[in-house]
Amino acid sequence: MDMTRRAALMTSAAIASSVLFPMRSFGQETPRKGGVFTVHYGAEQRQLNPSLQASTGVYIIGGKIQEQLVDLDAKGQPVGVLAESWEAAPDGKTITFKLRPGVTWHDGKPFTSADVQFTAMEMWKKILNYGTTLQLFLTAVDTPDPLTAVFRYERPMPLNLLLRALPDLGYVSPRHLYEGKGDIRQNPVNLAPVGTGPFKFVQYERGQHVIAERNPNYWRANAPYLDRIVWRVVTDRAAAAAQMEAGQIHYSPFSGLTISDSARLGKDPRFIVSTKGNEGNARTNTIEFNFRRKELADIRVRRAIAHALDIPFFIENFLGDFAKRGTGPVPSVSTDFYPADNGPQYPFDKKLAAKLLDEAGFKPGAGGTRFSLRLLPAPWGEDISLFSTFIQQSLADVGIKIEIVRTDGGGYLKQVYDDHAFDLATGWHQYRNDPAVSTTVWYRSGQPKGAPWTNQWDWTDPTIDKIIDDAATEVDVAKRKALYGDFVRRANTELPIWTPIEQIFLTAISAKARNHSNTPRWGSSSWHDLWLAE
Amino acid sequence: MRVLTLAGRRLAASIPTLILILIGVFLLLQLAPGDTVDAMMAQMGGGDAATAKQLREFYGLDLSVWAQLGNYLWRLVRLDLGFSAIYGKPVATVIAERLPATILLMTASLSFAFFFGLILGVVAARGVNKWPDTLISTLGLLFYAMPTFWFGLMAIVVFSIYLQWLPAGGFEDITVSYTGLRRTLDIALHLVLPTLTLGLFYMAIYLRIMRGSMLEVLNLDFVRTARSKGMDETRVVVRHVLRNALLPMVTLIGLQAGTMLGGSVVVESVFSLPGLGRLAYESVIQRDLNTLLGIIFVSALLVITINFIVDLLYARLDPRITTGS
Amino acid sequence: MDLVKLYFRSPPAVIGLVLLILVLAMAASADILYPRDPLALAGRPLIWPFSNPRFLLGTDNSGRDIAAQIFHGARISLLIGGVATVISIMIGITVGAFAGYYGSWVDTALMRVTEAFQTLPNFLLLLVLVAVFGSTITTVTVAIGIVSWPASARLTRAEFLSLRNREFVQAGRTLGLKDIRLIFGEILPNALPPVIVYASVVMAIAILLESALAFLKLSDPNVASWGNLIGAGRDVLRVQWYVSAIPGIAILVTVLAVSLVGQGLNDALNPRLKSR
């Protein structure tokens with residue numbers, strides 16, 4: 001894996017040297033100004049403003065145009081963008097941000113704390129997915145002066161949690177273009193975003209392309225390098241690979257290519273294919289069990305299913321080098337929370353699986369079948385489709401017949417999370433740097449019916465509920481980490497969801513690109529230092 | 001003037017059909033699992049219950065089905081196709097943006113199918129049961145029996161991947177902003193494979209019909225007479241045979257307009273063309289009811305218009321039929 | 001007997017019949033030659049054809065034996081094609097018969113519905129039906145039947161229009177036969193031949209429609225259908241193009257066979273045309 005090693009070298013270089021010119025120590029290249037960077041845009045979204053929608057499909061465009069208070073640096077630590085510094089009161093209920101002076105919006109108006117106040121109260125708290133949960137107890141944002149924003153919470157907000165959530169959930173929008181302009185969701189600015197970022201929005205042709213150009217008044221000196229960014233809408237993955245090879249696309253983010261094309265391009269010296277720069281976008285493949293089925297409510301059956309799948313075989317033959325065995329709801333890339341002990345791991349053991357099923361009282365019937373289950377695979381991702389077939393194939397061997405139910409995205413969410421019309425489901429759990437952002441809701445009881453990606457398994461566990469609640473308001477960093485260790489072990493013991501595979505999104509990028517993949521959420525970041533070699 | 005009145009009458013006569021279709025599809029989609037908010041959450045990759053509830057209110061999905069249907073029809077009366085949930089724009093605008101690619105693709109495929117179907121049909125009929133006929137008829141059969149999308153995929157493998165003659169997809173090259181003639185050429189180049197993919201199936205049909213009616217007409221009395229009078233073969237073909245043989249072909253265009261629009265869903269998806277077909281597919285998946293109904297409305301209008309033009313052509317080709325009937 | 005003789009006089013019709021028998025033989029022998037579940041994990045994914053004697057046609061990207069899927073897929077394609085055709089022709093005949101027999105407002109109303117179905121692009125309706133009712137083999141088959149009946153309805157109606165005032169019908173009426181008896185007992189048998197020939201067209205289109213649905217990943221994933229295999233192969237098209245190419249050829253052969261047999265029957269039934 002030459003490419004990965006190269007990417008790894010580049011990272012160590014990035015960490016070792018200054019933030020602005022990490023390439024200096026590597027190839028002594030001088031950054032080149034100019035050039036058009038083309039990006040594969042696979043899934044068009046309904047709007048482009050990241051203050052309103054937290055998803056990679058928005059960040060890949062909106063994240064270059066708008067900026068957030070805080071981003072993650074090369075080591076994955078919070079670094080100020082629109083905020084210069086921050087401070088939490090000892091009781092955890094007040095968090096004060098000092099904002100960067102001299103920043104202007106693309107339309108020339110100055111950026112102030114009023115923008116932060118408006119965005120936090122009207123967008124993050126009311127509209128932004130996950131933002132509404134994160135900011136549930138936010139009562140007010142005070143603006144004592146144009147460069148100070150004071151967040152006031154009803155309950156203690158761990159500073160650590162807020163700083164890890166803000167890189168995704170902390171994009172600021174211009175108050176003057178939204179306030180008093182009617183419904184925020186319907187504001188045309190959402191499709192022609194205005195921000196403070198290194199690139200200015202130019203044009204969006206639905207189904208074809210989005211164009212942004214360099215912001216000459218950007219607050220960082222000498223940035224950005226690129227003249228333009230063009231996002232090309234290509235929905236067919238194979239077609240995107242063809243266009244990369246034809247030089248029409250420089251970068252395909254977030255596993256946008258098929259597994260086989262990624263492997264192939266990885267061997268081509270013109271491209272770099274690696275997981276580097278996506279550590280902040282880790283995901284695990286999941287198997288969700290519906291406890292309404294009496295068979296699945298029996299822990300022996302859930303464990304038997306886990307033991308029946310040869311995960312290392314699946315990873316080696318179907319996913320290649322870019323996936324690894326998952327250990328629990330917190331992925332190993334999350335160094336701040338990954339526990340030393342993850343609890344039981346359920347290695348492949350067909351005999352044990354059969355024994356557990358026998359013990360549970362589900363003896364093989366006619367044709368060796370013990371019982372049948374309906375499996376709903378989420379319709380995103382080639383790996384989910386392959387994994388669902390693999391589950392079907394493997395469970396047949398231990399006498400569980402699987403019927404795969406194929407749906408589209410809307411149908412999947414409705415049937416799993418609202419109608420509960422599934423026995424097994426398999427999809428992705430996206431980890432967002434802190435378990436409190438989008439992980440614990442998969443396990444905490446009392447989730448409203450119909451809320452996607454939450455505990456809808458009819459499984460209630462007071463023990464895990466207490467751990468989750470305690471951790472959410474624990475201000476002490478070490479104690480929080482310990483609590484999440486308990487959470488992971490409990491989750492793996494009770495197994496309401498199994499997380500057997502850990503994956504990081506894959507980046508496929510032209511070898512001409514420089515300063516790429518140098519932060520854990522690089523695809524979503526602002527690309528102010530990205531440049532293209534001749 | 002007469003044509004306009006006729007067109008008006010035709011349209012008026014089609015209104016019940018149109019309304020039947022729209023209400024039918026509207027009610028059908030109410031039975032679908034999940035609504036546009038579920039689809040949107042799926043696309044965002046995350047969200048919470050409060051967000052979902054707000055969005056449902058925003059899209060008017062908290063109203064009863066009949067209230068929604070009533071609203072829709074009332075808007076339609078005022079020629080308002082509504083607002084697209086996916087695109088955040090009026091449906092009319094969204095469709096207007098996507099219509100050119102589809103119309104271009106359909107026109108190109110139809111012209112290709114018609115022109116080559118005609119020529120090959122004539123060639124085959126002239127040399128009936130000899131090797132050109134066998135070759136052409138066999139090819140026609142193969143094109144007829146081939147899944148269109150599969151031909152598209154294989155054409156991409158051969159022409160875009162191995163030979164690298166033609167682009168693998170897209171409507172035009174947007175990294176370089178061409179203008180004028182160069183842009184036209186660029187778009188034409190992008191449309192070669194899609195046109196072939198969509199057109200070959202229809203070419204196979206036209207070829208068969210052309211060949212059949214040529215054979216039929218060549219045996220008719222007036223053609224024999226013309227021949228015996230010593231008119232040269234080509235003139236006989238052009239003046240008498242072609243005119244009569246064209247009738248069934250023209251009829252077929254009218255009948256197949258709907259099918260062809262359906263076929264463009266698959267072809268546009270293979271070649272990632274920003275057309276109406278792909279929009280339709282996306283709006284089904286995204287449960288974007290307004291957009292889907294808008295597309296159905298527009299494509300029904302398109303089919304009705306094509307049929308109207310076909311009738312006019314028919315009248316021109318066959319003087320025995322009057323357009324009044 | 002005359003019909004059989006006429007049929008075998010045409011070489012394309014004979015070729016069609018041979019191909020059809022071949023496909024039927026594949027369907028029949030699938031369980032003997034490939035007794036394992038065709039969707040089971042057979043080996044490493046993406047083995048090229050002819051490179052491993054265990055997998056003559058190689059394996060797909062889920063490690064399933066392509067040859068096994070082709071053989072078992074013949075059943076699925078014929079099943080979907082056959083059942084959908086029966087559904088479509090039955091609806092078509094019923095609608096067409098009533099419209100043609102009764103005329104007046106019944107005809108107008110039924111033809112409005114037919115027109116509505118013809119105006120709506122059929123593949124679009126198919127997408128909607130599958131999105132609404134789900135992707136199981138039953139719903140897919142029924143949905144294909146539902147979207148493809150209008151042409152046979154028109155055909156039946158035209159036949160009925162020309163037959164309903166013939167002497168034998170009039171005679172039946174004077175004998176006091178019920179309408180239903182007249183429609184299905186007397187007129188229909190005479191109206192049927194062209195509709196039966198048209199059934200081959202419907203069947204060919206039904207097979208193609210299923211494969212197009214499968215290509216868009218909207219068909220039933222629990223059966224080994226050729227379309228599903230083409231759809232799966234799309235992800236590996238650039239290098240392992242054979243995953244899509246092989247089932248495509250299978251579909252081509254089947255549709256070709258069905259069309260040739262239909263054409264042969266048509267020619268045999270209309271000897272006047274054939275004699276040219």
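Axes are lines fitted to C-alpha atoms, for helices over the stretch in contact, and angles run from 0 to 180 degrees between N-to-C directions. The model is predicted: local features need pLDDT of at least 70, side-chain atom pairs count only at pLDDT 80 or more, and totals for chains, interfaces and linings use all residues. Residues are numbered from 1 along each chain as its sequence is written, while chains are lettered from A and ligands numbered from 1 in the order in which they are written.

**Exercise 1.** Describe the sheet that contains E4 of chain A, and state which helix lies across E5, E6 and E7.

*Solution.* Helices (H or I, at least four residues) and strands (E, at least two) are DSSP runs, numbered from the N terminus. Two strands pair if DSSP finds at least two bridges between them.

1. The order E4-E5-E7-E6 (chain A) describes an open sheet of four strands with antiparallel pairing.
2. E4 (83–88) and E6 (138–145) of chain A each have a single partner strand, so they stand at the edges and one side of each is left without a neighbour in the sheet.
3. From one strand to the next, the twist averages 20°.
4. E4(A) and E5 (residues 94–99) of chain A run antiparallel and are joined by five bridges; A:Ala83 has A:Leu99 as its bridge partner in E5(A).
5. The helix is H4 (residues 113–124) of chain A, which runs at about 175° to E6(A).

**Exercise 2.** Determine how H5 and H12 of chain B pack, and which residues make the contact.

*Solution.*

1. H5 (residues 91–126) and H12 (residues 289–317) of chain B have axes 10 Å apart and an angle of about 55°.
2. H5(B) and H12(B) are therefore oblique to each other (angles under 35 degrees count as roughly parallel, over 145 as roughly antiparallel, 65 to 115 as roughly perpendicular and the rest as oblique).
3. Contact requires C-beta atoms, placed from the backbone, within 7 Å. H5(B) contributes B:Val91, B:Val94 and B:Ile95, and H12(B) contributes B:Asn290, B:Thr291, B:Gly294, B:Ile295 and B:Val298.
4. This contact of H5(B) with H12(B) has five nonpolar, three polar and no charged residues. Ala, Val, Leu, Ile, Met, Phe, Trp, Tyr, Cys and Pro count as nonpolar, Asp, Glu, Lys and Arg as charged, and the others, Gly among them, as polar.

**Exercise 3.** Characterise the side of chain B that touches chain C.

*Solution.*

1. In chain B, 39 residues are in contact with 34 residues of chain C.
2. Elements giving two or more residues to this side of chain B include H1 (2–30), H6 (131–145) and H10 (233–270).
3. H10(B) gives the most, with eight residues.
4. By class, this side of chain B has 31 nonpolar, eight polar and no charged residues.

Key
Contact = placed C-beta atoms within 7 Å.
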